[in-house]
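Open your viewer and switch to the cartoon view. We will take a short walk, one selection at a time.

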Amino acid sequence: MVAEARRLRVDVLTLFPEVFGPFLGSSILGIAREKGILEVHCHDIRAWSRDKHRRVDDRPYGGGPGMVLRPEPVVEATEAVQAMEAEPGELILLTPQGERYTQAIARELAARKRLVMICGHYEGVDERVRLLLKPREISVGDYVLTGGEPAAVAIVDSVTRLLPGVLGDPESGAADSFQSGLLQGPQYTRPAEYRGLGVPEVLKGGDHQAVAAWRAAEARRRTAERRPDLGARTGGSPGDRATSGGEEGASPPETR
Ligand SMILES: C[S@@+](CC[C@H](N)C(=O)[O-])C[C@H]1O[C@@H](n2cnc3c(N)ncnc32)[C@H](O)[C@@H]1O
């Protein structure tokens, strides 16, 4: 059965709207936008600056290095952008201090009609942005980026893959790592032999059941080897989950 396509609108608030162009125009994101499934609007936070030089940052109270994004342009830009549509959308602040992004969160966000993302820069955003707007705070990992833009791209990309009608073959998304709570097993294509390395016989034999069993076993083996924590998160072994069809999204809250 072909799932019905629908539209996701994403608004990104950033100091660098120009960095999104190549990502949004290429590959899956470009196709999703052409099909009208994904609509992305990038807004320059500086347009809401009250400063004649369009400055949006200032020195931190209490001293210290770097600059902090002032609250007025960020809060007012966000309110104005949210008001552009009847649906205010899920508001996301990208920050290394947020909940860690996972495929389960990507699935949650893919069910929304609209996402509004705030990208910080410099030393981050004034705390009052968080207190006033009460965004969902998301981190793409335990490392620090210069700005929220690469994090926003990662989220838009991973969410878009999950939108019905985006991937030519919906099965390809279902087999991806994390979708079933496991890593995907090894993949092979032609040639049948390369530099002395062949392809497992089962993949060339045409027995679909045997191929499916091999892939499931390889996914369990690879997950146990590389990411035993994926099984631990649901209280079972990765092997249990492959056979029970368990989903990462059905797991208890993630430990951070
Ligand atoms: C240099 S960082 C600021 C880090 C901040 N001083 C701290 O230690 O928490 C500037 C901006 O990059 C973005 N950013 C950095 N690392 C991120 C991550 N792991 N996930 C999401 N956004 C991140 C955030 O928007 C942040 O406001």
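Begin by selecting strand 1, residues 8–14. In this predicted model, 6 of the 7 residues of strand 1 are buried, so the strand is largely enclosed by the rest of the structure.

What pairs with strand 1 in the parallel sense over 7 bridges? Add strand 2 to your selection: that is the partner. You can check the match residue by residue. Click Val12, and its bridge partner in strand 2 is Cys42; click Leu13, and the partner in strand 2 is His43.

Strand 1 also pairs with strand 6, again in the parallel sense, here over 5 bridges. Look for Arg9, which stands opposite Arg114 in strand 6.

Now bring in the whole sheet. Its 5 strands run in the order 2-1-6-5-7, the sheet is open, and the pairing is parallel. Which strands stand at the edges? Select strand 2 (38–44) and strand 7 (136–139): each has a single partner strand, so one side of each is left without a neighbour in the sheet. Rotate the view a little to look at the twist: neighbouring strands are turned by 30° against each other on average, direction ignored.

Next, select helix 3, residues 71–82. Helix 3 packs on the sheet and touches strand 1, strand 2, strand 5 (90–100) and strand 6 (114–119). Compare the direction of helix 3 with that of strand 6, and you will find an angle of about 165°.

For the next stop, show helix 4 (residues 103–110) together with helix 6 (residues 149–160). Their axes come within 9 Å and cross at roughly 70°. Angles of 65 to 115 degrees count as roughly perpendicular, and that is therefore how helix 4 and helix 6 lie to each other. To find where they meet, display Ala106, Leu109 and Ala110 in helix 4 along with Ile155, Ser158 and Val159 in helix 6.

Finish with helix 9, residues 208–226. At 1.5 Å a residue, its 19 residues should span 27 Å, and the end C-alpha atoms are 26 Å apart, which agrees. Which residues of helix 9 are buried? Colour Ala219, Arg220 and Thr223 to see them. Turn the view to look down the axis of helix 9: the buried residues fall within an arc of 95°, so they line one face of the helix. Here is a handy rule: an α-helix has 3.6 residues a turn, so residues three or four places apart point the same way. On the face of helix 9 turned away from the buried side, pick out the exposed residues Glu225 and Arg226.

Methods. Residues numbered from 1 in each chain as written. Predicted model: local features only at pLDDT ≥ 70, side-chain atom pairs only at ≥ 80, totals over all residues. Pairing = 2+ DSSP bridges. Helix = DSSP H or I, 4+ residues; strand = E, 2+ residues; numbered from the N terminus. Axes fitted to C-alpha atoms, helices over the stretch in contact; angles between N-to-C directions. Contact = placed C-beta atoms within 7 Å. Buried ≥ 20, exposed ≤ 12 C-beta atoms within 10 Å, placed from the backbone. Expected span 1.5 Å × (residues − 1). Arc of directions from axis to C-beta. Parallel < 35°, antiparallel > 145°, perpendicular 65-115°, else oblique.
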